[in-house]
Amino acid sequence: LKVAAYYLVFTPLSTWGGDWLTGIGWNEYVVLVVSMLLNFATEFLYDRFVVFGGSIDTAMFYHNEESIGKGIKECGIPREQLYITTKLWNDDHGYEKTLEAFSGSLKRLGLTYIDEYLIHWPGFDESYLPTWKAFEKLYQDGLIRVIGVSNFTKPLLQHLIDHCAIKPMVNQVEVHPLFQPNNAINFCQENGIQVEAWRPIVRGK
């Protein structure tokens with residue numbers, strides 16, 4: 001999608017000098033580009049679900065929840081066969097802000113519940129503690145099936161466990177043959193926290 005966006009936006013400007021835009025106007029062209037990218041996203045999601053199964057990982061920070069939601073709606077696969085993960089970004093830490101941000105993600109995705117919701121990063125202070133309280137409420141309200149964290153080290157996980165009612169069910173961390181955070185992995189295994197890898201193939205290296 002990034003390659004397609006670059007091609008669609010910059011090719012007419014660099015190759016043709018933008019002269020052909022005179023007939024339709026820049027605003028109309030932007031609408032056309034966005035429409036084409038949404039179609040690409042929908043087709044990509046459908047193909048991915050069919051080939052690899054119905055698990056998709058997104059986040060507020062990726063700015064694609066709306067496109068993901070469109071793909072979910074149009075792919076024709078029953079909701080119960082899909083597993084949707086999204087994440088809370090750093091700017092929305094805190095109890096009330098988390099509840100508001102989750103509501104926004106839910107709306108953009110067009111869903112009534114999220115399968116897995118993660119704190120994307122712990123941040124630079126203890127704001128993840130009231131954030132986690134909001135996660136617990138959303139879980140108890142039945143709006144999230146699995147609550148977890150991402151990029152949490154062993155000390156951060158221990159501190160969170162010491163101050164929570166429901167411990168994290170998942171810790172999504174960078175794991176691949178060239179990087180093994182064994183302290184965090186071992187701690188998760190000892191405490192019944194599922195380790196979920198991001199960048200498992202090292203970006204194809």
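## Strand E4 and its neighbours

Three bridges join strand E4 to strand E5 (residues 170-174), and the two run parallel. This is a predicted model. One bridge pairs Gly148 with Val170 in E5. Between these strands comes a helix: E4, helix H6 (residues 154-162) and E5 make a right-handed β-α-β unit.

E4 also pairs with strand E3. Five bridges join E3 to E4, again in a parallel arrangement. Here Tyr117 stands opposite Ile147 of E4. E3, helix H5 and E4 form a right-handed β-α-β unit.

How enclosed is E4 by the rest of the structure? Six of its seven residues are buried, so E4 is largely enclosed.

## Helix H4

Helix H4 covers residues 95-109. Does its length agree or disagree with the span its 15 residues should have? At 1.5 Å a residue, H4 should span 21 Å. Its end C-alpha atoms are 21 Å apart, so the two values agree.

Just after H4 comes Gly110, with a positive phi of about 70°.

## The buried residues of H4

Which residues of H4 are buried? They are Thr98, Leu99, Ala101, Phe102, Gly104, Ser105, Leu106 and Leu109. An α-helix has 3.6 residues a turn, so residues three or four places apart point the same way.

Several elements help to cover the buried residues of H4. Among them are two helices, H3 (65-74) and H5 (128-140). Strands E2 (83-88), E3 (114-119) and E4 (144-150) are also part of the cover.

Terms used:
Residues are numbered from 1 along each chain as its sequence is written. This is a predicted model: local features need pLDDT of at least 70, side-chain atom pairs count only at pLDDT 80 or more; totals for chains, interfaces and linings use all residues. Side-chain values use heavy atoms; hydrogens and water are left out. Helices (H or I, at least four residues) and strands (E, at least two) are DSSP runs, numbered from the N terminus. The expected span of a helix is 1.5 Å times one less than its number of residues. Buried means under 20% relative accessible area, exposed over 50%, partly exposed in between (1.4 Å probe, protein chains only). Contact means heavy atoms within 4.5 Å. Two strands pair if DSSP finds at least two bridges between them. A crossover is right-handed if, with the strands pointing away from the viewer, the path from the first strand over the helix to the second runs clockwise.
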